[in-house]
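Thanks, everyone, for making the time. I would like to walk through one structure this morning, going from its interior to a single residue, so please have the view open as I talk.

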Amino acid sequence: MPARPLNRICYVEDDEDIQRIVRMSLERVGKMTVAVVSDPTQALDVFAEFKPDLVMLDWMMPVLDGPALFRQMKLRPETSSIPVVFITARASQPDLDELKLLGAAATISKPFSPRDLPEQLRAIWAKLP
């Protein structure tokens with residue numbers, strides 16, 4: 001279990017409606033600080049500036065999908081140890097297995113409960129080494 005509480009979340013998602021729902025859930029219900037990134041090609045720069053405790057990635061995004069962005073994170077010393085949770089509509093077993101092999105901390109399926117999302121993330125956080 002990490003020594004500090006989960007507070008800073010960076011969410012990479014191209015759908016504005018889902019961005020709003022996640023931001024509202026994490027900020028209002030979870031009392032967390034949230035940075036939302038619409039363009040995955042800018043995410044690494046935002047991570048370096050924002051210094052999130054945890055990153056949430058959508059799988060399907062234009063130009064650069066979540067797994068490709070996660071692979072790029074692993075190549076950079078400043079982002080390689082940030083836990084990643086995928087929040088995705090792709091929830092078939094082969095898809096989930098792929099994310100696990102990549103090293104994802106967890107996967108949350110869309111649709112999700114905005115009321116439960118902060119506690120889901122805290123439960124994932126509590127299980128991290």
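**From the core to one lysine**

Leucine 57 is where I would like to start: leaving out residues up to four places away in sequence, leucine 57 touches Val12, Gly66, Leu69, Phe70, Val84, Val85, Phe86 and Ile87. Please keep in mind throughout that we are looking at a predicted model.

Leucine 57 is also one of the residues with the most contacts inside the largest nonpolar core, which has 22 residues, and the others in that group are Val12, Phe47, Val55, Phe70 and Met73. At least two residues of this core come from each of E1, E2, helix H2 (43-50), strand E3 (54-57), helix H3 (66-75), strand E4 (84-88) and helix H4 (93-102), and H2 gives the most, with 4 residues. There is also a second, separate core of 20 residues, and among its members are Leu26, Met32, Ile108 and Leu117.

Turning to the strands, E1 (residues 8-12) pairs with E2 (residues 33-37) in the parallel sense over 5 bridges, and within that pairing isoleucine 9 has valine 34 of E2 as its bridge partner. Between these two strands the chain passes through helix H1 (residues 16-29), in a β-α-β crossover that is right-handed.

Next comes helix H5, whose buried residues are Leu117, Pro118, Leu121, Ile124 and Trp125. Viewed down the axis of H5, these buried residues fall within an arc of 125°, so they line one face of the helix. As a general reminder, an α-helix has 3.6 residues a turn, so residues three or four places apart point the same way. The elements that cover the buried residues of H5 include E1, H1, E3, E4 and E5.

That brings me to lysine 110, which is found in the loop between strand E5 (106-109) and helix H5 (117-127). Is lysine 110 buried or exposed? Its relative accessibility is 19%, and because the cut-off for buried is under 20%, lysine 110 counts as buried.

Which side chains, then, does the side chain of lysine 110 meet in polar contacts? One polar contact is with the side chain of glutamate 13, at 2.9 Å, and another is with the side chain of aspartate 58, at 3.1 Å. Setting aside neighbours within four places in sequence, lysine 110 is in contact with Tyr11, Glu13, Ile18, Asp58, Ile87, Thr88 and Ala89. Ile87, in that list, is also among the residues that leucine 57 touches, which takes us back to where we began.

Technical notes: Residues numbered from 1 in each chain as written. Predicted model: local features only at pLDDT ≥ 70, side-chain atom pairs only at ≥ 80, totals over all residues. Heavy atoms only, no water. Buried < 20%, exposed > 50% of the residue type's maximum accessible area, 1.4 Å probe, protein only. Polar contact = N/O pair within 3.5 Å; in protein donor to acceptor, adjacent residues only side chain to side chain. Contact = heavy atoms within 4.5 Å. Pairing = 2+ DSSP bridges. Right-handed = clockwise from strand over helix to strand, strands pointing away. Core = buried A, V, L, I, M, F, W, Y, C linked by side-chain atoms within 4.5 Å. Arc of directions from axis to C-beta.
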